Amino acid sequence: MTTTQTLGVVMNGVTGRMGYRQHLVRSILAIREQGGVALADGSRVVLEPVLVGRDADKLRAMADRHGIAAWTTNLDTALADPANTIYFDAQVTTAREKAIHTAIAAGKHIYTEKPTAETLTGALDLARAADAAGVKHGVVQDKLFLPGLLKLRRLIQGGFFGRILSVRGEFGYWVFEGDWQAAQRPSWNYRAEDGGGIVVDMFCHWSYVLENLFGRVEAVTAKAVTHIPTRWDEQGREYPATADDAAYGIFELAGGVVAQINSSWAVRVNRDELVEFQVDGTEGSAVAGLRRCRVQHRSATPTPVWNPDLPVTESFRDQWQEIPDNAGDSGFDNGFKVQWEDFVRHVVDDAPFAFDFLAGARGVQLAECGLRSSAEGRRIELPVLDGKSA
Ligand SMILES: NC(=O)c1ccc[n+]([C@@H]2O[C@H](COP(=O)([O-])OP(=O)(O)OC[C@H]3O[C@@H](n4cnc5c(N)ncnc54)[C@H](O)[C@@H]3O)[C@@H](O)[C@H]2O)c1
């Protein structure tokens, strides 16, 4: 007979976009539906969510809708219950550090959305506190699990590129100002004083994507700007957008690869996907997006001839070859869910989990150095973090 154990998971910030959709519905409830997380010995771990937030009515309605037994507006009450082994945080970034410290003090294992903290000092403090308390810790690094990037990783591991020279990333789309069409993202993202800003938001993603696929970021040169200075919030009130809404960055990686990534909430999409990375290597090139990945091998590279006097005669996009899914019958699972399962195995089975608070701190470090580079107009080298010094 299969043995089963139950873990209580305190989920804070579950009324938010990420907390609700990606983590509660598409991860924890999806895991519940599939009968829990399978461990190496064949036993299973069932997750029991405890919803925590500020608005009792919203929490009650959400618990009723999904048949969840436990919810509370009091974090301490949820943390006091020894059945609750894991604390998860998807609150606004500014509320995160304090809540995680409280959960560490209560002896919980911690899993959190990024960025782990608002400053590098704060992020390293969290890493040290979690280590000192002997609790396990992890941070969401969902982009690595995107089908397009999994295909890219497969190409890298298979030696497709030869020597990788450069990476060019384009990320973003138009986020409406909120006056004549509603903004698609919460307004706090556009106020620096509330933890907003595209550098803080996206550079922690670029940190782990670059590090895990191409090499650790050793230096950054960035220009962060606020293209749209005025926006309208959820109540239709006009507010000054004090945070950067676009960032143009150059990242120098260990091993010599140069990556350049544009991130913008003020760009209209003329690409196949909302994020795309072009990787050029001596043996071949690839363009990877959220789901797709196309390649052009050295042997199939055409001979473009620069002649502005003549119209273009070939379709450059059609000269690339699609990489198949090859991911088994189930296709690619949702990356947020895959990472939750890995973290649960890390907690219960001591399985390895690379995306810990120190990795989270490297993301915060890159954001901090990117903003400094922009403010001071210079290239910034990133010291290697060992978790001991800030
Ligand atoms: N991994 C990703 O791809 C990804 C994408 C978007 C956002 N995020 C991260 O997830 C976190 C939440 O972002 P979101 O887009 O879901 O935001 P959101 O505004 O939709 O949700 C924020 C949540 O925090 C709660 N909250 C707690 N204290 C608050 C306060 N003082 N003011 C306002 N809300 C408060 C809200 O009730 C809500 O549940 C952020 O840290 C963000 O960086 C990650």
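**Group meeting: the ligand site and the sheets**

Okay, let's start at the ligand: one of its oxygen atoms sits 2.9 Å from a polar backbone atom of Met-18. I'm calling that a polar contact, so a pair of N or O atoms within 3.5 Å; inside the protein, one atom must be able to donate a hydrogen and the other to accept it, and sequence neighbours count only through two side-chain atoms. Thr-15 comes in with its side chain, a polar atom of which is 2.7 Å from a ligand oxygen. Lys-114 uses its backbone instead, with an N or O atom 3.0 Å from an oxygen of the ligand. On its own the ligand would expose 850 Å², and the protein buries 80% of that (Shrake-Rupley, 1.4 Å probe; for residues, only the protein chains shown count as cover).

Before I go on, this is a predicted model, so local features need pLDDT of at least 70 and side-chain atom pairs count only at pLDDT 80 or more, while totals for chains, interfaces and linings use all residues. Numbering runs from 1 along each chain as its sequence is written, and side-chain values use heavy atoms, with hydrogens and water left out.

So which residues are closest to the ligand? They are Thr-15, Arg-17, Thr-93, Arg-96 and Trp-188, out of 19 that surround the ligand (a heavy atom within 4 Å).

Stay with Lys-114 for a second. The peptide bond from Lys-114 to Pro-115 is cis, with omega near -15 degrees. You'll find Pro-115 in the loop between β6 (109-112) and α5 (120-133). The other backbone oddity I'd point out is Asp-350: its phi is near 60 degrees, positive in a residue that isn't glycine. Asp-350 is in the loop that links α8 (335-349) to α9 (357-376).

Now zoom out. The protein has 9 helices and 18 strands, both taken as DSSP runs numbered from the N terminus: H or I over at least four residues for helices, E over at least two for strands. The C-alpha trace spans about 75 × 55 × 45 Å along its principal axes. How does the radius of gyration look for 390 residues? It's 22 Å, which agrees with the value near 21 Å for a compact globule of that length (C-alpha atoms; rule 2.2 Å times residue number to the power 0.38).

On to the strands at the N-terminal end. Strand β1 (residues 4-12) runs parallel to β3 (residues 44-52), joined by 9 bridges; for pairing I need at least two DSSP bridges. Gln-5, for instance, has Val-45 in β3 as its bridge partner. β2 (residues 37-38) is antiparallel to β3 through 2 bridges, and Ala-38 stands opposite Arg-44. Those two strands make a hairpin with 5 residues between them, and Gly-42 in the turn has a positive phi of about 95 degrees. On β3 there's also β4 (residues 70-72), parallel through 3 bridges, with Leu-51 facing Trp-71 as a bridge partner.

Last stop is an open sheet of 9 strands, ordered β17-β16-β15-β14-β8-β13-β12-β9-β18, with mixed pairing. Its edges are β17 (321-322) and β18 (380-381), each pairing on one side only. Within that sheet, β15 (residues 284-288) and β16 (residues 293-297) pair antiparallel over 5 bridges, and Val-287 has Arg-294 in β16 as its bridge partner.

That's my tour.
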